[in-house]
Amino acid sequence: MMRHAAGCRYYNCTHVHEPGCAVTEAVAAGEISESRYISYLKILEDDEKYRK
């Protein structure tokens, strides 16, 4: 994912909802496995729970 993240439009892209996200585009194109991306989203979700 890091290789693709360098191509995101925004420096602080979370790879969730930002336009021009190279990671979500790579997932859609099959260049990053969907299971890996889902795992990333779960990590983000867990991080948000513990930051509150």
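In which helix does Tyr 37 lie? In this predicted model, Tyr 37 belongs to helix H3, and the legends below begin with the whole chain before turning to single residues.

**Figure 1. Overview of the predicted chain, which contains three helices and zero strands.** Read along the sequence, the elements follow the pattern α-α-α, with helix H1 covering residues 2–5, helix H2 covering residues 22–28 and helix H3 covering residues 34–51. The C-alpha atoms fill a box of roughly 30 × 25 × 15 Å when this is taken along the principal axes, and buried residues make up 27% of the 52 residues in the chain. Among the contacts with a separation of 6 or more, 25% join residues that are 24 or more positions apart. The chain exposes about 4,200 Å², of which carbon and sulfur atoms supply 52%, while the mean positions of its 7 positive and 8 negative charges are 3 Å apart.

**Figure 2. Confidence of the prediction along the chain, which averages a pLDDT of 93.** A score of at least 70 is reached by 96% of the residues. Among the elements of the chain, H2 has the highest mean pLDDT, at 98, whereas H3 has the lowest, at 88. As a general caution, predicted coordinates should not be read in detail where pLDDT is low.

**Figure 3. The largest nonpolar core, made up of 11 residues in all.** Its members are Ala 5, Cys 8, Cys 13, Cys 21, Ala 22, Val 23, Ala 26, Val 27, Ile 32, Tyr 37 and Tyr 40. Helices H2 and H3 each supply at least two residues of this core, and H2 gives the most to it, with four residues. Ala 5, one of the core residues, is in contact with His 15 and Val 23 when its neighbours within four places in sequence are left aside.

**Figure 4. Close-up of His 15, a residue in the loop between helix H1 and H2.** His 15 counts as buried because its relative accessible area is 9%, which falls under the 20% limit for buried residues. Not counting residues up to four places away in sequence, His 15 touches Ala 5, Cys 8, Cys 21, Val 23, Thr 24, Tyr 37 and Tyr 40. The backbone of His 15 also deserves attention in this view, since the residue has a positive phi of about 65° although it is not a glycine. Most residues other than glycine have a negative phi.

**Figure 5. Close-up of Tyr 37, a buried residue of helix H3.** The relative accessible area of Tyr 37 is 11%, and the residue is listed among the members of the largest nonpolar core. Leaving aside its neighbours within four places in sequence, Tyr 37 is in contact with His 15, Val 16, Val 23, Thr 24 and Val 27. Tyr 37 and His 15 are 22 residues apart in sequence, and their C-alpha atoms are 9.2 Å apart in space.

**Figure 6. Close-up of Cys 13, placed in the loop between H1 and H2.** Cys 13 is buried, with a relative accessible area of 11%, and it is one of the residues that make up the largest nonpolar core. Not counting residues up to four places away in sequence, Cys 13 touches Cys 8, Glu 18 and Cys 21. The C-alpha atoms of Cys 13 and Val 23, which are 10 residues apart along the chain, are separated by 9.4 Å.

**Figure 7. Close-up of two exposed residues, Tyr 11 and Glu 34.** Tyr 11 lies in the loop between H1 and H2, and Tyr 11 counts as exposed because its relative accessible area of 84% is over the 50% limit. Tyr 11 and Cys 21 are 10 residues apart in sequence and 10 Å apart in space, C-alpha to C-alpha. Glu 34 lies in helix H3 and is exposed, with a relative accessible area of 55%. From C-alpha to C-alpha, Glu 34 and Thr 24 are 9.6 Å apart in space, with their positions 10 residues apart in sequence given as the separation.

Methods
Residues are numbered from 1 along each chain as its sequence is written. This is a predicted model: local features need pLDDT of at least 70, side-chain atom pairs count only at pLDDT 80 or more; totals for chains, interfaces and linings use all residues. Side-chain values use heavy atoms; hydrogens and water are left out. Buried means under 20% relative accessible area, exposed over 50%, partly exposed in between (1.4 Å probe, protein chains only). A nonpolar core is a set of buried Ala, Val, Leu, Ile, Met, Phe, Trp, Tyr and Cys residues joined through side-chain atoms within 4.5 Å. Contact means heavy atoms within 4.5 Å. Accessible areas come from the Shrake-Rupley method with a 1.4 Å probe; for residues, only the protein chains shown count as cover. Lys and Arg count as positive and Asp and Glu as negative; His and the chain ends are not counted. The place of a charge is taken as NZ of Lys, CZ of Arg, CG of Asp or CD of Glu. pLDDT is the predictor's confidence in each residue, from 0 to 100.
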